[in-house]
Amino acid sequence: MRVAVLGGGQLGRMLALEGIPLGHRFTFLEPGPDPPAEALGTLVAAAYDDADALARIAGGADVVTYEFENVPAASAAYLAERLPVLPPPRALGATQDRLAEKRMFAHLGIPTAPFHRLDTAADLDPALAVTALPAVIKTRRFGYDGKGQIVARSPESAAAALDALGPGLIAERFIRFERELSIIAVRGRDGNRVFYPLTENHHRGGILRASYAPARRLTPALQSAAETLAGSIMDELDYAGVLAIELFEEDGRLLANEMAPRVHNSGHWTLDGAHTSQFENHIRAVTGLPLATPRVPGPAAMLNIIGELPDAAAVAAIPGVHLHLYDKAARPGRKLGHVNITGPDQAAVRASAERVWALLPGEPPGLPESRRG
Ligand code: AMP
């Protein structure tokens, strides 16, 4: 099939790396310079609302998917009138606005941090009555990697956050979670669903730094709770493709924070830690192939390479390491690649992770446990 991808970043690159063996050809619509996916297919270098570019995509593809959720709704609608666009465009609508997203969670009975819309000074009192303090004030649209967020610890700082970020905000209760988890769920065109084991995620400065899978101390009850909530969202949206849901674990229960209608950074470990990766299962889903039930033979870790490239030879020499680089120029805060680590047991994975961390800039977040004292 000819698969068109809206976006040409590293996610598009990895979709193609896993989709080409299935016999597909890829086209990427990407406005930015030197996109990482360029080496893997045809590049249409244009804005997401460029009429000629959209017509070219519509005429030259059998199915459209995306690796970036902030595609204009009108572009997705234009394409959806002409060919299958999967995940369905309504999933974009549900994820582009944090308020709509949280309302959908609530409608489906999925627990979240208490939240309230925040647009004007008149919303401050009712919002803080729901969230209490501290509250996290976030932009509803176009926030990513912790950008567009302020933690307010007093009514005055909430008002200042509204001035700085508003209007179009959401206020949420600040959750003192035990840890952050995510579930990578996949639904096929036929409605069949598969799930990867819950992954434990560690962020710094709002950016994902490390994922560990399966999450430590993962119980069947926790996994089943995550699968139930992910399944209900996918059924509600008549979804096809990978859906990633970020969760907080608080007192043993899961709160949904946000979701992404695409392959996700916290699922990159599946490239080496599962028999079928999130990328292959996404391509299977949107092209109408049966999904592969994820088989995960052992523990895996994923460490993001951010801002600076490490000594590739030194990283590659560490046992159990799989180095993935995105062919991007180094820039502070930029995701340049990731390192997957697999091994027979958690101790082996942790030992290799420690050695990789020593070669990456910055302090290791979260694990290894042995250093936590
Ligand atoms: P988000 O953009 O919603 O994924 O938020 C980025 C990061 O900020 C999350 O991964 C959490 O570490 C933190 N965060 C977001 N919302 C909350 C909240 N309501 N309570 C506590 N921490 C939060």
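1. Two strands are taken to pair if DSSP finds at least two bridges between them, and helices (H or I, at least four residues) and strands (E, at least two) are DSSP runs numbered from the N terminus. Strand 2 and strand 3 pair in the parallel sense over three bridges, and T27 stands opposite T42 in strand 3.

2. This is a predicted model, in which local features need pLDDT of at least 70 and side-chain atom pairs count only at pLDDT 80 or more, while totals for chains, interfaces and linings use all residues. Residues are numbered from 1 along each chain as its sequence is written, and side-chain values use heavy atoms, with hydrogens and water left out.

3. An open sheet of four strands runs in the order 3-2-1-4 with parallel pairing, and its edge strands, strand 3 (42-44) and strand 4, each pair on one side only.

4. The largest nonpolar core (buried Ala, Val, Leu, Ile, Met, Phe, Trp, Tyr and Cys residues joined through side-chain atoms within 4.5 Å; buried means under 20% relative accessible area with a 1.4 Å probe, protein chains only) has 34 residues, and those with the most contacts inside it are F26, F28, V186, W269 and F279. A second, separate core of 25 residues includes A94, M234, L247 and L254.

5. With contact meaning heavy atoms within 4.5 Å, F28 touches residues including V5, A16, L40 and V44, not counting those up to four places away in sequence.

6. In helix 4 (residues 89-96), the buried residues are A91, L92, A94, T95 and Q96, and they pack against strand 4 (63-66), helix 3 (73-80), helix 5 (98-107) and strand 14 (253-260).

Technical notes. Buried < 20%, exposed > 50% of the residue type's maximum accessible area, 1.4 Å probe, protein only.
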